Amino acid sequence: RKTLVPILLTILDANDNAPYIKNLAHVYNVSENTFPIAILTVFEGKDDDSGRNAQLEYAITEISATFHDFTTRTLAKLERPFFVEKSSGSLLLVGGVDHEEILVFNITLSVKDLPEDP
């Protein structure tokens with residue numbers, strides 16, 4: 001005599017793929033008369049995992065500015081005229097930019113996936 005027991009085995013996704021940004025251009029142009037709270041671009045992230053492991057969060061980790069005298073410095077958070085929306089990846093202009101003061105902004109963006117266990 002024997003008993004057969006059906007077993008349903010689900011393979012869970014491991015958080016083994018790093019997220020990346022698919023549409024990242026390295027140069028964006030913004031007019032100094034762009035009205036604040038304008039969406040400049042929306043970063044499109046991708047993670048080849050599934051479920052919670054594929055949900056992404058965006059953040060600006062640093063912004064530096066090159067001034068008209070060609071000096072460069074990192075801007076404090078309160079000085080930053082840009083903001084990235086955490087869940088959508090929308091990059092917004094939230095303050096004024098003046099070409100006569102700052103020539104270039106260098107923005108370091110990070111994208112991360114959510115951990116397996118909250």
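**Strands, sheets and three residues in a predicted model**

Q: What makes β4 and β5 a hairpin in this predicted model, and what stands out in the turn?
A: In this predicted model, β4 and β5 form a hairpin with four residues between them, and Phe 70 in the turn has a positive phi of about 70 degrees. The two strands pair in the antiparallel sense over three bridges, and Ala 65 stands opposite Arg 73 in β5.

Q: How do you know that β4 and β5 count as paired strands?
A: Pairing requires at least two bridges between two strands; β4 and β5 have three bridges, therefore they count as a pair.

Q: How do you know that β4 and β8 are paired as well?
A: The requirement is again at least two bridges, and 11 bridges join β4 to β8, which run antiparallel, so the condition is met. Ala 59 stands opposite Ser 110 in β8, while the bridge partner of Ser 64 in that strand is Asn 106.

Q: Why are β5 and β8 described as standing at the edges of their sheet?
A: The sheet is open and has three strands in the order β5-β4-β8, with antiparallel pairing. β5 (72-74) and β8 (102-113) each have a single partner strand, so one side of each is left without a neighbour in the sheet. On average, and with direction ignored, neighbouring strands of this sheet are turned by 25 degrees against each other.

Q: Which strands stand at the edges of the sheet with the order β2-β7-β6, and why?
A: This open sheet also consists of three strands with antiparallel pairing. Its edges are β2 (38-42) and β6 (82-84), because each has a single partner strand and one side of each is therefore left without a neighbour in the sheet. From one strand to the next, the twist averages 25 degrees. β2 and strand β7 (residues 90-93) pair in the antiparallel sense over four bridges, and the bridge partner of Thr 41 in β7 is Leu 91.

Q: Why is Ile 39 called exposed?
A: Ile 39, which is found in strand β2, has a relative accessible area of 54%; since exposed means over 50%, the residue is therefore classed as exposed. Not counting residues up to four places away in sequence, Ile 39 touches Ser 90, Leu 91 and Leu 92. Ile 39 and Pro 115 are 76 residues apart in sequence and 28 Å apart in space, C-alpha to C-alpha.

Q: Why is Leu 56 called buried?
A: Leu 56 lies in strand β4 and has a relative accessible area of 14%, which is under the 20% limit, so the residue counts as buried. Although Leu 56 and Asp 113 are 57 residues apart in sequence, they are 4.4 Å apart in space, C-alpha to C-alpha. Leaving aside neighbours within four places in sequence, the contacts of Leu 56 include Pro 19, Asp 47, Val 111 and Asp 113.

Q: How do you know that Asp 47 has no salt bridge?
A: A salt bridge needs the charged atoms within 4 Å, but the nearest side chain of opposite charge, Lys 46, is 7.3 Å away, so none is assigned to this buried residue.

Q: Where does Asp 47 lie, and what does its side chain reach?
A: Asp 47 lies in the loop between β3 (45-46) and β4 (56-67), and its side chain reaches the backbone nitrogen of Asp 49 at 2.8 Å. Beyond neighbours within four places in sequence, Asp 47 is in contact with several residues, among them Asn 17, Asn 53, Leu 56 and Asp 113.

Conventions. Residues are numbered from 1 along each chain as its sequence is written. This is a predicted model: local features need pLDDT of at least 70, side-chain atom pairs count only at pLDDT 80 or more; totals for chains, interfaces and linings use all residues. Side-chain values use heavy atoms; hydrogens and water are left out. Axes are lines fitted to C-alpha atoms, for helices over the stretch in contact, and angles run from 0 to 180 degrees between N-to-C directions. Buried means under 20% relative accessible area, exposed over 50%, partly exposed in between (1.4 Å probe, protein chains only). Lys and Arg count as positive and Asp and Glu as negative; His and the chain ends are not counted. A polar contact is a pair of N or O atoms within 3.5 Å; within protein, one must be able to donate a hydrogen and the other to accept it, and residues adjacent in sequence count only if both atoms are side-chain atoms. Contact means heavy atoms within 4.5 Å.
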